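User: Hi! I am new to this structure and would like a friendly walk through it. Could you show it to me and then take my questions one by one?

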Amino acid sequence: MGLVLGVDLGTSSVKVSAVNQQGEIVAQQGFDYQLSQPKPGYSEQNPEDWVTSTTVAIDRLILKDGIKADEIEGISYSGQMHGLVLLDDNNQVLRPAILWNDTRTTAQCKEILNQMGQSFIDITRNVPLEGFTLPKILWVKENEPQIFAKVKTILLPKDYLRYRMTGDLAMEYSDAAGTVVLDEENKCWSQAIADQFDLPISIFPKLMESIDLAGTISDSYATFSGLKTTTKVFGGAADNAAGAIGAGILSSNMVMSSIGTSGVVLKYEDSADVNYNGGLHFFNHAIPNKYYTMGVTLAAGYSLSWFKKTFAPEADFNDFVTAAAESTVGANGLLFTPYIVGERTPYPDGDIRGSFIGIDGTHTQKDFTRAVLEGIIFSFADIMAIFDAKGSHFDTVVSIGGGAKSPVWLQIQADIFNKKVVSLVNEQAPGMGAAMIAATGVGWFDSVQDTAKAFVSYGKEYLPNPENVQKYQMLHTLYKKIYGQTAEISHGLMAYRRDQLN
């Protein structure tokens, strides 16, 4: 029986799923790796950790789970976006990768807009933000010129992993869009942007579609992993594009609500005609010649994990979240803004910081937990309001990630969004999306859409409670005022912290 592997390369771990032709995960292995934060706002990783951890996971599938290497027909990827990997002439890594949640590049973002303005947004369909790759390239160029002088090629995390497995240097479109060096509509690297910032266009590798064949497993990687050199490897996708495929977001009436370390609200777009003028991210999809728009909350799941680690480290995670149901809608008058590492949508602000508003002596830990759950979803509602303002309507939200694991949190989403919310029967959307790309690539199905029809199924529906909807609409009005009231204070405190560290 044939199998494909979906490699989900995340921020804190990699998960490799073996999937059969019925869309069933027959075995799965994962492995964690470290995140380095040497200074406030910095976030880096060693690319070698991605390779080692993926190899260990594959080894375990073969040695522990009994997956036969000669049954694995294809492999593809879902990858954390935007991370900057710099390679020299020998394709050796020059420095730790600068990740998507690194916010050191505020000055470079301003530089990009000052020099190119609206023309940059017209080319990339995005506003330059700290998380994107181009500002990171400019930061290295300006702050580490001795390293930048050695750069021959830039890659993104999953593209680097694919290179190490195949020997093929390339970048896939849905991930390349997040570099903000890609001409979105013409699907090519922008010579105008490269010229404006004195970047050799040659450092940007060839481009490929998610379902394109990148090659087969190399001899050297086969030796380490136990895989066969006949196994085909396909381009893969940015994690959000792969997650959208795995969640079946393949029509314009559906939106994905994804809570991982960050949070994403994503909508499928059939063409490039829609234009949010940078108010939302606009990227090429993993489906050829399709697109998606999305907004990002930088610290969605991270806000909850930070809160639990700091204030309830010994508690069982599921019990900790479920206990929020014992609080009330609105957490007994307590609001939380999840800006603990800065924010992206709708507030592109690397220095804003989170807050609890309304604390009094009667609040309990359950109230605080509920406030965190609600605050994350309020931030998602801010993003959905941008869709509404453009007349881009939808009726169903597919929830994936951490927010889909809790009935309490799923109902909070339905009530705050005032939309039907559904979860997946198989809650592995990014990894499943990667496997679906591989399944399409090896020819099990004619298209990604056909693969989705066979692989994706939905679970329980959560419908909005009208009474709760009314309460949340009032609370969201108050929530939206917090950013403007706290931004100046946050910026001052961040400046103070930097001064103290220097």
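User: Thanks! Let me start with one residue: in which loop does Arg-125 lie?

Analyst: Happy to help, and please keep in mind that this is a predicted model. The helix before this loop is helix 3, which covers residues 118-124. The helix after the loop covers residues 133-143. Arg-125 therefore sits in the loop between helix 3 and helix 4.

User: Is Arg-125 buried or exposed?

Analyst: The backbone of Arg-125 has a positive phi of about 65°, although Arg-125 is not a glycine. For cover, the cut-off to know is that buried means under 20% relative accessible area. Arg-125 has 9% relative accessibility, so it counts as buried.

User: And Thr-124, which residues does it touch?

Analyst: Thr-124 lies in helix 3. Its relative accessible area is 0%, so Thr-124 is buried. Leaving out residues up to four places away in sequence, Thr-124 touches Val-180, Leu-182, Glu-184, Ile-193 and Phe-282.

User: How many residues of helix 6 are buried?

Analyst: Helix 6 spans residues 157-166 and is mostly covered. Its buried residues include Pro-157, Tyr-160, Leu-161 and Met-165, and charged names such as Lys-158, Asp-159 and Arg-162 are also among them. The count is 9 of its 10 residues.

User: What is the phi of the residue that follows helix 6?

Analyst: Helix 6 runs over residues 157-166. The residue that follows helix 6 is Gly-167. Its phi is positive, near 85°.

User: Where is Asn-332, and is it buried or partly exposed?

Analyst: Asn-332 is placed in the loop between helix 12 (317-322) and strand 20. Its phi is positive, near 55°, in a residue other than glycine. With a relative accessible area of 42%, which lies between the cut-offs of 20% and 50%, Asn-332 is partly exposed.

User: Which peptide bond is cis, with omega near 0°?

Analyst: Look at the loop between strand 20 (335-337) and strand 21 (355-357), where Pro-346 has its place. The bond in question leads into Pro-346 and has omega near 0°. The cis bond runs from Thr-345 to Pro-346.

User: What about cysteines: how many disulfides are there?

Analyst: A disulfide needs a pair of cysteine sulfur atoms within 2.5 Å. Cys-109 is buried, because its relative accessibility is 6%. Cys-188 has 33% and so counts as partly exposed. By the sulfur distance rule, the number of disulfides is 0.

User: Now the whole chain: why does its radius of gyration agree with a compact globule?

Analyst: The protein chain has 502 residues, and a compact globule with that number would have a radius of gyration near 23 Å. Its C-alpha atoms fill a box of roughly 65 × 50 × 45 Å along the principal axes. The value for the chain agrees with the globule figure because it is 22 Å.

User: What share of contacts joins residues at least 24 apart?

Analyst: The chain holds 17 helices and 24 strands, and 60% of its residues count as buried. The share is taken among contacts between residues at least 6 apart in sequence. Of these, the part that joins residues at least 24 apart is 71%.

User: Last one: how far apart do the centres of the positive and negative side chains lie?

Analyst: The chain exposes about 19000 Å², and carbon and sulfur atoms supply 49% of that area. Among its side chains, 39 are positive and 56 are negative. The centres of these two sets lie 2 Å apart.

Note on methods. Residues numbered from 1 in each chain as written. Predicted model: local features only at pLDDT ≥ 70, side-chain atom pairs only at ≥ 80, totals over all residues. Heavy atoms only, no water. Helix = DSSP H or I, 4+ residues; strand = E, 2+ residues; numbered from the N terminus. Rg over C-alpha atoms; globule rule 2.2 N^0.38 Å. Buried < 20%, exposed > 50% of the residue type's maximum accessible area, 1.4 Å probe, protein only. Contact = heavy atoms within 4.5 Å. Areas by Shrake-Rupley, 256 points an atom, 1.4 Å probe, with all protein chains shown as cover. Lys, Arg positive; Asp, Glu negative; His and termini not counted. Charge placed at Lys NZ, Arg CZ, Asp CG, Glu CD.
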